[in-house]
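Please walk through this structure with me, beginning with backbone details in its loops and ending with one of its pockets.

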Amino acid sequence: MNVEDLVRDALREQAAEGAPVPGDLADRVLTVRRRRRARAIAGTSLAAVAAVLAVAVPVIGADSDAHGPRPASELHDGDVVAHPDQSPPRDLIAAGGTALAAFSTSARVKQSDGDALITRTYQLLDQKTGRYRKAERWSFLDVAPGMRTAAVLERGLPAQRIGLLDLLTGKVERWIPVKHGVGGVEFSPDGRKLVATTYAQDPDRLDGDRPINNGKTEEPGPAEPSRTGFYLVDVASGETHWSKVATDTSGEFGFADINTRQDFGFSQDGSLVYTGLTRAPNQQYYDFDGRERSAPAREKHLRWYVDARLSPSGKLAAGDFAGTNKKTASEVIDPLTGKRVAKVPGQQLLAWVDDKRLIAWDIAPGTSEYRNRLVLVTIGSKKTVPLSGFLSPKADANGRWTPVFAAR
């Protein structure tokens, strides 16, 4: 946590208590630190402190500390909080500073016009009880670092507003209206910004006029991509800036270079956004005005579909599946060269816990590739620590769930 954040927290507490702000507040707050995810305190300037003292306005965002009880994700101090008997999870799952903030199940809902809609139902961590609770109102969400706030979209995508949901009260504290409909949201690594991907049509719609064969029958297939660009949203002020990003349809047979849903995400330092591509170079970076930029040096070998991406220090990166038909494994690569530096157990690397450990999907030896569970893996070790129970072994079963991780 930097000094501006510490001063802001102290100002909120002073305001809540009706006490005057002391002149040496900046010095005082450095002596008392609340437990949070680890951050190094960078060098500070008097100008930065003065700016925060001048604007003592509480905001709802990743670092928002409403005066009240500590959230459940902080009260569980254990390094590993596991529930290997639960699938879907009912109680908080976490490892180190990373927690399962939410998860979703999905179902195909047939539409009257012959199309189908992939509909998510979220279970979101209740920060009062430490248990996951159904949040049926939301069609899409992401959780900010610190797990105090979630960005939420209502059903009926693309949405015309973005909600900031307080995870302690369960209430939407603020709505941010948008002119271009939004279909996906993601917080920046520091939680101060959102990238909101805009679409002309629902990105979760399947087109009955573009059917695919599932091996038994024909069913609606992926619709033509309708992505239009992205908003950069300042969480504190609610200010938005939209950038148009065109979809390239110059590929073979006129196929687009993105999937029907292809949301934007942030680079590790939060200075750029990127999107996955269906063909080389597999991902493209943009500045906040929608201009194409080269991939950062440590991100040019990443794959957009490998969720874990860079380690906290940026010295390692999660790679692709590296196992066999009989044994699962995933690779860890040098992000500067793309070369493999280690193999760890697991089918798919989902999130870094620290520079040595990751959360992954994995299966029990000899079982179906779909009967997977969350496990903790460590570089240099063949041992896995189960975090959740197993998913259903059927690929299309309703009980399968998709995790959403956040720093706690």
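Met-147 is buried in this predicted model, its relative accessible area being 0%, and because buried here means under 20% relative accessible area, the assignment follows directly from that value. The residue sits in the loop that joins β6 (138–143) to β7, and its phi, near 55 degrees, is positive even though Met-147 is a residue other than glycine.

A positive phi is also found at Asn-282, where the angle is about 75 degrees although this residue is not a glycine either. Asn-282 lies in the loop between β16 and β17, and with a relative accessible area of 25% it is partly exposed, whereas Met-147 is buried. The loop that holds Asn-282 is also the place of Pro-281, between β16 (273–276) and β17 (283–286), and the peptide bond leading from Ala-280 into Pro-281 is cis, with omega near 10 degrees.

Another cis peptide bond runs from Leu-157 to Pro-158, with omega near 0 degrees. Pro-158 belongs to the loop between β7 (149–154) and β8 (159–166), so β7 is flanked by this loop and by the one that carries Met-147.

Turning to the pocket, the second largest one has a volume of about 710 Å³ and a lining of 29 residues, with Phe-321, Lys-327, Thr-328, Ala-329 and Asp-362 lying nearest its centre. Three strands, β21 (340–344), β23 (357–363) and β24 (372–378), each supply at least two residues of that lining, whose chemical make-up is mixed, with eleven nonpolar, eleven polar and seven charged residues.

Note on methods. Residues numbered from 1 in each chain as written. Predicted model: local features only at pLDDT ≥ 70, side-chain atom pairs only at ≥ 80, totals over all residues. Heavy atoms only, no water. 1 Å grid on protein atoms, 1.4 Å probe; cavity = no way out; pocket = protein on both sides within 12 Å on 5 of 7 lines; lining within 4 Å. Points joined across faces, edges and corners; volume = space filled by probe spheres on them. Helix = DSSP H or I, 4+ residues; strand = E, 2+ residues; numbered from the N terminus. Nonpolar A, V, L, I, M, F, W, Y, C, P; charged D, E, K, R; others polar. Buried < 20%, exposed > 50% of the residue type's maximum accessible area, 1.4 Å probe, protein only.
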